[in-house]
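Welcome! Here are some short exercises to work through with the structure on screen. Try each task yourself before reading its solution.

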Amino acid sequence: MTNLIVTPNQQQATCAESSSVPDTLCYRDQDCPAGEAVVAGNGVKMGRCLKVGSNMSGTCEILAWCPVEKKGKSKKPLLANAENFTVYIKNAIRFPKFKFSKTNVLDTEDDAYLKTCRYGLEQPYYPIFRLGNLIRWAGSDFQEMGSEGGVIGIQIEWNCDLDKAPTACNPHYSFSRLDSKFAEKAIASGYNFRFAKYYRDANNTDFRTLIKAYGIRFDVMVNGKAGKFNIIPTVINVGSGLALMGAGAFFCDLVLLYLIKKSNFYRGKKYEE
């Protein structure tokens with residue numbers, strides 16, 4: 001969470017709906033039929049049009065948590081130093097066909113390893129990410145994104161040639177912004193959510209504090225593939241190629257028939273490449 005709007009001490013009562021909700025604008029009581037829910041609003045209409053002073057128009061009276069949610073928020077993120085926070089992403093992959101598994105965390109007994117390591121382009125086994133760096137690698141600025149929130153996609157790719165040593169199978173990271181990059185020009189851009197804290201006073205009156213929070217959301221997506229040399233599909237492919245070229249057709253037919261008979265691949269069993 002990097003920014004927020006707090007509406008304290010709300011109670012269930014009747015009050016004027018927010019003027020920013022189009023469905024609640026009214027000129028007379030008939031515009032506010034009792035029992036009708038306010039579209040994209042905060043409550044149910046009570047049948048009265050509430051006006052301020054001598055204004056010709058007003059807003060419908062509603063039954064809701066009152067006063068209704070505040071709309072103003074800080075243009076700068078309240079948690080401006082949150083870009084120095086860190087995120088720990090632990091990832092593991094497994095290829096059961098080859099009985100191979102690996103994680104993005106080093107196998108070490110050093111207690112200081114995770115306390116001091118910070119991910120860099122040359123350190124794929126440092127799973128601690130600085131928040132400001134994640135946003136910068138995704139092509140955005142933290143101070144800009146922190147005000148409206150945003151969604152960052154973290155892609156982890158494992159492409160492993162298992163004929164090589166296990167140390168050659170390493171994670172590769174890429175970062176992208178998934179919501180609209182131009183927050184000030186887009187509707188419903190950024191990322192936010194609401195939650196409330198509920199209380200009850202000595203008179204058994206319920207009230208709450210409503211919080212609309214803006215923050216940074218991470219979607220972590222992991223893809224992997226592994227391969228290993230196998231003599232059977234290799235011979236099949238070579239024999240098929242020779243047969244198509246018309247060279248050694250008789251010999252290739254015998255080899256292909258034998259391999260098809262023995263191969264698990266052609267017996268209907270799943271073959272994993």
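**Exercise 1.** Find which residues gather in a patch of negative charge on the surface, then place Asp110 in the chain and decide whether Asp110 is buried, partly exposed or exposed.

*Solution.* The model you are looking at is predicted.
- Step 1: The patch of negative charge on the surface brings together Asp107, Glu109, Asp110 and Asp111.
- Step 2: Look for Asp110 in the loop that runs between β7 (100-103) and α1 (113-116).
- Step 3: Asp110 has a relative accessible area of 46%. Buried would need under 20% and exposed over 50%, so Asp110 counts as partly exposed.

**Exercise 2.** Now do the same for a nonpolar patch on the surface: name its residues, then locate and classify Leu79.

*Solution.*
- Step 1: Met1, Leu78 and Leu79 make up this nonpolar patch, and together they have about 280 Å² of accessible area.
- Step 2: Leu79 sits in the loop between β4 (58-66) and β5 (86-88).
- Step 3: With a relative accessible area of 38%, Leu79 is partly exposed.

**Exercise 3.** Step back and describe the protein chain as a whole: its secondary structure, burial, surface and contacts.

*Solution.*
- Step 1: Counting elements gives five helices and 13 strands.
- Step 2: The protein chain has 273 residues, and 34% of them count as buried.
- Step 3: Its accessible surface is about 17300 Å², with 54% belonging to carbon and sulfur atoms.
- Step 4: Among contacts with a separation of 6 or more, 62% are between residues 24 or more positions apart.

Technical notes: Residues numbered from 1 in each chain as written. Predicted model: local features only at pLDDT ≥ 70, side-chain atom pairs only at ≥ 80, totals over all residues. Heavy atoms only, no water. Patch = residues over 30% accessible without salt bridge, like charges linked within 9 Å, V, L, I, M, F, W, Y side chains within 5 Å. Areas by Shrake-Rupley, 256 points an atom, 1.4 Å probe, with all protein chains shown as cover. Salt bridge = Lys/Arg side-chain N within 4 Å of Asp/Glu carboxyl O. Lys, Arg positive; Asp, Glu negative; His and termini not counted. Charge placed at Lys NZ, Arg CZ, Asp CG, Glu CD. Helix = DSSP H or I, 4+ residues; strand = E, 2+ residues; numbered from the N terminus. Buried < 20%, exposed > 50% of the residue type's maximum accessible area, 1.4 Å probe, protein only. Contact = heavy atoms within 4.5 Å.
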